[in-house]
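Colleague: I should like to learn how to read a structural model feature by feature. May we begin with burial and then proceed to cores, cysteines, pockets and backbone angles?

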Amino acid sequence: AAAPLSPLVRAARARASQLIPPSLMHAWADVLWFPRTPLRPMDVALLETAFWMGGAGVGTGVHYDASPAFLHQVYGKKRVVLWPPSARLELAPSTKYNYGAELSSMDARPFLGGPPLPNDSAARARMLSTHPGFATLPNATVDLFPGDTLAVPPGWWHATITLTVSISVAVRVQSKCQKRAEWLDDTLLFLHNAGLYKRHNCVCHSEAAARGTGR
């Protein structure tokens with residue numbers, strides 16, 4: 001038998017039924033009828049934030065995150081190019097270890113359409129000679145302006161480049177249930193930090209990372 005509703009849930013549903021027009025009630029069904037008892041805030045989601053600031057022409061390489069992410073533009077203009085999960089093999093996944101994400105071995109910056117890079121045409125030709133299918137992959141390009149927020153689903157590959165001086169904030173969201181399901185990733189992280197898994201083949205403990213160059 002279902003557990004009885006708490007007075008708080010009954011009162012919330014009654015008040016919502018008064019405020020929400022019947023024509024919109026179907027869109028609010030999940031909010032009104034689930035859960036049967038209130039969830040404690042810490043049971044809902046775990047948040048991880050990142051602050052990004054830089055001049056024009058910088059960004060992140062092609063990668064995907066294992067958790068849903070939201071990118072909010074605070075200042076300036078940033079371009080985000082996304083590829084669907086089905087494009088994984090064409091995007092040449094890297095063997096480098098990166099907790100919570102998978103990286104591509106490609107340098108897609110010459111194709112992002114941002115500020116000119118040295119030898120731009122030569123770089124495009126060089127990459128297409130080894131990955132000829134890249135130029136025809138389905139993709140979506142989004143330019144973010146101040147106040148814009150982009151939702152990036154888990155598994156969607158993406159790369160960014162700043163078109164002007166830029167400030168943005170990223171938030172990754174993960175339920176505690178999802179976090180518990182990542183026990184294998186957490187185990188690999190423990191082994192990696194102990195030097196037992198992909199030592200020096202990562203973005204966190206490589207010699208370049210230790211020098212601060214990231215290259």
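Modeller: Of the 215 residues of the protein, 28% count as buried, where buried means under 20% relative accessible area, exposed over 50%, and partly exposed in between (1.4 Å probe, protein chains only). This is a predicted model, in which local features need pLDDT of at least 70 and side-chain atom pairs count only at pLDDT 80 or more, while totals for chains, interfaces and linings use all residues. Residues are numbered from 1 along each chain as its sequence is written, and side-chain values use heavy atoms, with hydrogens and water left out.

Colleague: How many helices and strands does the protein have?

Modeller: Helices (H or I, at least four residues) and strands (E, at least two) are DSSP runs, numbered from the N terminus. The protein has seven helices and nine strands. A contact means heavy atoms within 4.5 Å; among contacts between residues at least 6 apart in sequence, 80% join residues at least 24 apart.

Colleague: Which residues have the most contacts inside the largest nonpolar core?

Modeller: In soluble globular proteins, nonpolar side chains tend to be buried together. A nonpolar core is a set of buried Ala, Val, Leu, Ile, Met, Phe, Trp, Tyr and Cys residues joined through side-chain atoms within 4.5 Å. Here the largest has 16 residues, and those with the most contacts inside it are V62, W83, L91, M106, L112, F134 and L137. Two elements, strand 4 (78-83) and strand 8 (157-162), each give two or more residues to this core, and strand 8 gives the most, with three. A second, separate core of eight residues includes L71, V80, L82 and L150.

Colleague: What does L137 touch?

Modeller: Leaving aside residues up to four places away in sequence, L137 touches W83, A87, E90 and L91.

Colleague: How many disulfides are found, and why are C202 and C204 not bonded?

Modeller: A disulfide is a pair of cysteine sulfur atoms within 2.5 Å. A search of the whole structure finds zero disulfides. The sulfur of C202 has its closest cysteine sulfur in C204, and they are not bonded because the separation of 3.7 Å is too far. C202 is buried, at 1% relative accessible area, whereas C204 is partly exposed at 42%. The C-alpha atom of C204 is separated by 9.5 Å from that of N193, 11 residues away along the chain. N193 belongs to helix 6 and is partly exposed, with 48% relative accessibility.

Colleague: How is a pocket read, and which residues are closest to the centre of the second largest one?

Modeller: Rolling a probe the size of a water molecule over the atoms shows where empty space is left. On a 1 Å grid over the protein atoms alone, a pocket is an open set of points where a 1.4 Å probe fits, with protein on both sides within 12 Å along at least five of seven lines; lining residues have an atom within 4 Å of a point. The second largest pocket holds about 260 Å³, a volume being the space filled by probe spheres set on the points, which are joined across faces, edges and corners. Of its 16 lining residues, K96, Y97, N98, A101 and E102 are the closest to the centre. Strand 5 (101-103) and helix 6 (183-193) each give two or more residues to this lining, and strand 5 gives the most, with three.

Colleague: Where does phi take a positive value in a residue other than glycine?

Modeller: One case is A92, with phi near 50 degrees; this residue lies in the loop between strand 4 and strand 5 and is buried, at 14% relative accessible area. Another is H200, with phi near 65 degrees, in the loop between helix 6 and helix 7 (207-211). H200 is partly exposed, at 48% relative accessibility.
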